[in-house]
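Reader: Hello! I would love a close look at one spot in this model, and then a short walk around the parts beyond that spot.

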Amino acid sequence: NIVHHAIMLRIFIISAMCLFVREAHAQDRLALVVGVDRYDSVNDLRKATSDAQSVASVLDTLGFSVTTALNVDELEFNREIDRLVSAVRPGDEVVFYFAGHGIEIDGLNYLLPSDAPDGSSERGLRNDSVDADRLLRDLRAAGSSVVVMILDACRDNPYAQRGRSIGGARGLNIV
């Protein structure tokens, strides 16, 4: 019981500090949370959408304006990213969270939407997936004061099991 109270006290202090900092800056806190479990051309995942929903709930309690996108195809994924980038104003704090499959091609990270291509060409994957590095650059260019990008992607290349030489041996590249 004492441990529980100590934890609650720490949470209260941290929350109060966040509120103080929040009031001092008076900027927006925006979050886009994406989870993809179901895929057309690669193995499905089991927990990506539930992880995304959990993260969205926590970010909401921390005062972020959260958009949650689950099992989105490439078009909807990019629409949500466009909405996020367009909403960012100088000084805003932004969190982008992705749970699903990712792949590295030529040192860049790509996030796979539900309708990701079958992996027959790297060009097709680059064109029909979300470039995580570009998203990070776009959020910074929009003027956000803080950008946190969390990529909760499987560390294995989803195309390696098919004998394809698309991307690296692992999923995402470490940056």
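Reader: Which side chain of opposite charge is nearest to Asp37, and how many Å away is it?

Author: Happy to take you there! Please keep in mind that this is a predicted model. The side chain you are asking about is Arg38, 6.3 Å from Asp37. A salt bridge would need the charged atoms within 4 Å, and Asp37 has none, although Asp37 is buried. As for its place in the chain, Asp37 sits in the loop that runs between strand E1 (29-35) and helix H2 (48-61). Its side chain does have a polar partner: a contact of 2.5 Å joins Asp37 to the side chain of Thr49.

Now on to the aromatic rings. The model has one aromatic pair. Its members are Phe77 and Phe98, whose ring centres are 5.8 Å apart with planes at 15 degrees, so the pair counts as stacked. This pair links distant parts of the chain, with Phe77 in helix H3 (residues 74-87) and Phe98 in strand E3 (residues 93-100), 21 residues apart. Phe77 has a relative accessible area of 0%, so this residue is buried. Phe98 is buried too, its relative accessible area being 0%.

Let us finish at the surface. Val146, Val148 and Ile150 make a nonpolar patch of about 200 Å² there. Ile150 belongs to strand E7 (residues 146-153). Its relative accessibility is 37%, so Ile150 counts as partly exposed.

Note on methods: Residues numbered from 1 in each chain as written. Predicted model: local features only at pLDDT ≥ 70, side-chain atom pairs only at ≥ 80, totals over all residues. Heavy atoms only, no water. Patch = residues over 30% accessible without salt bridge, like charges linked within 9 Å, V, L, I, M, F, W, Y side chains within 5 Å. Areas by Shrake-Rupley, 256 points an atom, 1.4 Å probe, with all protein chains shown as cover. Helix = DSSP H or I, 4+ residues; strand = E, 2+ residues; numbered from the N terminus. Buried < 20%, exposed > 50% of the residue type's maximum accessible area, 1.4 Å probe, protein only. Phe/Tyr/Trp six-rings, centres within 6.5 Å; stacked < 30°, edge-to-face > 60°. Lys, Arg positive; Asp, Glu negative; His and termini not counted. Polar contact = N/O pair within 3.5 Å; in protein donor to acceptor, adjacent residues only side chain to side chain.
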